Amino acid sequence: MLTACSAGARRPGPDAFVIAPGTDPATRDADIAFFEKRLTEDPASAADRARLGGLYLARSRGNGAFADAERAESLAMQSLATREAHNGGTWALLASARLSGHDFTGALDAARRYLASDPESPQARAMLGEVLLETGGYDEARPLFDSLEAHTRQPTIAARLARWYEITGRLSHAQAVARYAAKVARLDGGLSREQVAWFQMRVGDLALKRGAFAEADAAYAFGLRIAPDDHRLLAAQARLAAARRDWRTVIDRGERAVALQLDPATLGLLADAWRALGDTSQAESYARAMTVSALSQPGAIHRAWGLYLLDHGGPVADVLARVRDEQRSRRDVYGYDLLAWALHASGDDRAAWRAAQRAIALGTEDAPLLAHAAVIARAVGADAEADRLEARAREVNPSWTRGR
């Protein structure tokens, strides 16, 4: 149950962490089998369906299996069909499962119904806020997140607040809240290794956005101490190595990550690493694998794959069509960034600039996003704005350069 500290320690050190009993993968699989059996004996149990759905969703987050997320969604719907009264939390399960499957319209409906079932719940407000961040409903999200600033002692709420601050141009604030959330998560005692490690990854990801390589490195390494085979953290280390142009480490961490779970973004990093080392055959092999993996993912487009194609001379028309399809239900800043970059690649710079302005409207502090907007601004003759955006990108992340 415990590693590195005692739950009763008065002054836990900065590296202390507590893991909830019964949350390791083997125990979770046994629990899934147990609740599957219970449902054969009592098929009308709404509670057992919700519990089993939660276990499947937790497993999908650990192994990346979309089939498990689909099972979670189905079980949540069955549970709610059996009983909605005193079952509000199952709406949260349904919203989360639909987010995993990139069903943003369905996730938004479930999140709204969760909040309607318990309007005073901070967790319900945070759930709806999370979905609105994904769909681009920032005006509606703002009062929800404003109301959550007194609830940062709950790590999942703090993490969602950090994401809100990140998107709305307060990266330093986001980093502070993410560090706090990670500390609370380490000592929570009710989270799995995968969950605690995820909070460490968020600290590292935000540091990487700033070009703070040492902090990112430490956060990822600590996360891997908690969950040594976490493919997300191994992929994060590959991203950090790519930022450092350490191509051998990209290959080492990236290949370890994709051996555990295929991820299009990591496959793209591996293609770039092999290309940088002069092995075009390996690079092309990983690029093909990236496309196969991306096309197997739910949703209209895997965004990392779309950006990779645009930056490597891929089929612009196909990317643009997929981005426009996604825009029907998801209009967040990163969707507008991808749309702008695809329109620029297609030669429609006027339309690209309109999309780029939507991408930077919230002041999001993200160097690649700002740099894309700068290139497009220059293409339409807005040189002063291009200069400002380039300077802002360098200010946000002094280590960032075009082409990474």
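Helix α9 keeps a good part of itself out of sight: Leu171, Ala174, Gln175, Val177, Ala178, Ala181, Ala182, Val184, Ala185 and Arg186 are buried, where buried means under 20% relative accessible area with a 1.4 Å probe and protein chains only. The model is a predicted one, with local features needing pLDDT of at least 70, side-chain atom pairs counting only at pLDDT 80 or more, and totals for chains, interfaces and linings using all residues. Residues are numbered from 1 along each chain as its sequence is written, and side-chain values use heavy atoms, leaving out hydrogens and water.

Helices here are DSSP runs (H or I, at least four residues), numbered from the N terminus. Helix α9 covers residues 171–186, and its 16 residues reach 22 Å from first C-alpha to last, close to the expected 22 Å (1.5 Å times one less than the number of residues).

Next, the cavity. A cavity is a set of points on a 1 Å grid over the protein atoms alone where a 1.4 Å probe fits but cannot get out, and lining residues have an atom within 4 Å of a point. The count comes to 1 cavity of 30 Å³ or more, and the largest holds about 40 Å³, a volume being the space filled by probe spheres set on points joined across faces, edges and corners. Its lining consists of Ala159, Ala162, Ala178, Ala181, Trp198, Phe199 and Arg202. Helices α8 (155–167), α9 and α10 each give two or more residues to this lining, with α10 giving the most, 3 residues.

Arg202 sits in α10 (residues 193–210) and counts as buried because its relative accessibility is 13%. Beyond its neighbours within four places in sequence, Arg202 is in contact with Arg163 and Glu166 (heavy atoms within 4.5 Å).

Terms used
Buried means under 20% relative accessible area, exposed over 50%, partly exposed in between (1.4 Å probe, protein chains only). On a 1 Å grid over the protein atoms alone, a cavity is a set of points where a 1.4 Å probe fits but cannot get out, and a pocket is an open set with protein on both sides within 12 Å along at least five of seven lines; lining residues have an atom within 4 Å of a point.
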